[in-house]
Amino acid sequence: MNLDELHGIAQKMVAKGKGLLAADESNATIGKRFDVIKTENSEDNRRDYREFMFRTMPAMKEHISGVILYDETIRQKAKDGTPLVKLIEAAGAVPGIKVDTGAKPLAGQPGETITEGLDGLRERFVEYYKLGARFAKWRAVIDIGAGMPSYNCINANAQAMARYAALAQENGIVPIIEPEVLMDGDHDIKRCEDVTSWVHQEFFNQLFYAGVKLEGIILKPNMIVPGKKCPKQASIEEVAEATVRQLKRHVPPAVTGIAFLSGGQSDEEATAHLSAINAIGGTPWPITFSYGRALQAAPQAAWGGKAENVAKGQASFAHRALMNSLASVGKWTKAAEKAA
Ligand code: 5MM
């Protein structure tokens, strides 16, 4: 493992004013997104959609540090035959790959899941590196509910995450550590903070036991928010304060950077929260975005699966990328949102 190289990649992923585009939806998930815009979930449509985002200039160059891809996409070519990975590299962004194979029911723990994908992972990393991936992503899913999460669920997912991260680093690939505490449910913001703290504590323990070097990882956490069905929602400032407090208490300063997931927040909420978090400042890590839905819902709607709407889709993607770039330096405003 060359830690300097890993650290250099990780720094590039959280470069000032930039963040990650999570375009790693599996075919089933992108199918659900395409259903909303009444678009057929064909290989060509998936390619056309991702191609137009990766060709959105100058937004890609200025605001996107890296793109998380799915196995199909990292092998795909644009309409003119250029590999999609090359489009990402040409924009100065780092190509990455989702390597988990999904969250499956955890035996003995009804309602909880364990993320799979460790079998053959060493060999897959070798191949993905050749295909151009320089970072990877693995997502553990932790649900809050009656009697949940269990220690077994957190511990099993933390161990799997640590094994993935160690294998990634062994192969010159920066692992994104994504422990997602879901915002479904009616729990309050305090419970989200408590559970997220427990999760981070256990995950960093396992990363330590597995010998993972924190200078060569990026953490992709959830923000501290109340459950969607909680009668008492929180203000933007409350979310920002709780999130910064929680991270400072449980994330070691050696971690190279933090890039949030959006987790089902509306695009404007995810941007406003990120900006308020960065406006507090004083954290040992750069804090940016690694959004899937919050970057893509608007461009998907603008495109609607129609070739004649590609320019509209690109304008919409450029707008969200710019808004989140501003948020990553604490400078997003409602006025900027409206002016555009
Ligand atoms: C882009 O969505 C990813 C999940 O896809 P699958 O469920 O098909 O595996 C997801 O891991 C994503 O990268 C993160 O959760 C962040 O996405 P959001 O939409 O929460 O910002």
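This short presentation describes the aromatic pairs, the ligand surroundings and some backbone features of one structure. Please keep in mind throughout that the model before you is predicted.

Let me begin with the aromatic residues. The structure holds nine aromatic pairs. I shall take two of these pairs in turn, beginning with Tyr49 and Trp303. Their ring centres are 5.3 Å apart and their planes meet at 25°, and the pair is therefore stacked, since planes under 30 degrees apart count as such. Where do Tyr49 and Trp303 lie? Tyr49 belongs to helix α3, which covers residues 43–54, and Trp303 belongs to helix α12, residues 293–303. The pair therefore ties together parts that are 254 residues apart in sequence.

Are these two residues buried or exposed? Tyr49 has a relative accessible area of 0% and is buried. Trp303, at 2%, is buried as well; the cut-off for that word is a relative accessible area under 20%.

The second pair is formed by Trp138 and Tyr164. Here the centres of the rings are 5.2 Å apart with the planes at 25°, so this pair is also stacked. Trp138 is part of strand β6, residues 135–142, while Tyr164 is part of helix α8, residues 151–170. This contact thus ties a strand to a helix, joining parts 26 residues apart in sequence. Both Trp138 and Tyr164 are buried.

Returning to Tyr49 and Trp303, I would add that they form one aromatic cluster together with Phe34 and Phe52. A ring can also have a charged neighbour: the charged end of Arg134 sits over the ring of Tyr129, at 3.6 Å from the ring centre.

I now turn to the ligand. Which of the 17 residues around the ligand come nearest? They are Ser26, Thr29, Lys98, Lys137 and Ser262. For Thr29, a side-chain N or O atom is 2.5 Å from an oxygen atom of the ligand. Arg139 also contributes through its side chain, with a polar atom 3.5 Å from a ligand oxygen. Gly263, in turn, offers a polar backbone atom, which is 2.8 Å from an oxygen atom of the ligand. How much of the ligand's accessible area does the protein cover? On its own the ligand has 500 Å² of accessible area, and the protein covers 90% of that.

Next, the backbone. As a general point, most residues other than glycine have a negative phi, and most peptide bonds are trans. Against that background, three places deserve attention. Met57 and Pro58 are joined by a cis peptide bond, with omega about 0°. Pro58 is in the loop between α3 and α4, so named from the helix that also holds Tyr49 in the case of α3. The bond from Met148 to Pro149 is cis too, with omega near 5°, and Pro149 is in the loop between β6 and α8. Those are the two elements that carry Trp138 and Tyr164.

The third place is Lys38, a residue other than glycine whose phi is positive, near 50°. Lys38 occupies the loop between α2 and α3. With a relative accessible area of 76%, Lys38 is exposed.

Finally, consider Ala279, which is placed in helix α11, residues 267–280. Its relative accessibility is 56%, and Ala279 therefore counts as exposed, the cut-off being over 50%. The C-alpha atom of Ala279 is separated by 24 Å from that of Ile217, a residue 62 positions away along the chain.

Terms used. Residues are numbered from 1 along each chain as its sequence is written. This is a predicted model: local features need pLDDT of at least 70, side-chain atom pairs count only at pLDDT 80 or more; totals for chains, interfaces and linings use all residues. Side-chain values use heavy atoms; hydrogens and water are left out. Rings of Phe, Tyr and Trp (its six-membered ring) pair if their centres lie within 6.5 Å; planes under 30 degrees apart count as stacked, over 60 as edge-to-face and the rest as tilted. Helices (H or I, at least four residues) and strands (E, at least two) are DSSP runs, numbered from the N terminus. Buried means under 20% relative accessible area, exposed over 50%, partly exposed in between (1.4 Å probe, protein chains only). A charge sits over a ring if NZ of Lys or CZ of Arg is within 6 Å of the ring centre and within 35 degrees of the ring normal. A residue is near a molecule or strand if one of its heavy atoms lies within 4 Å of it. A polar contact is a pair of N or O atoms within 3.5 Å; within protein, one must be able to donate a hydrogen and the other to accept it, and residues adjacent in sequence count only if both atoms are side-chain atoms. Accessible areas come from the Shrake-Rupley method with a 1.4 Å probe; for residues, only the protein chains shown count as cover.
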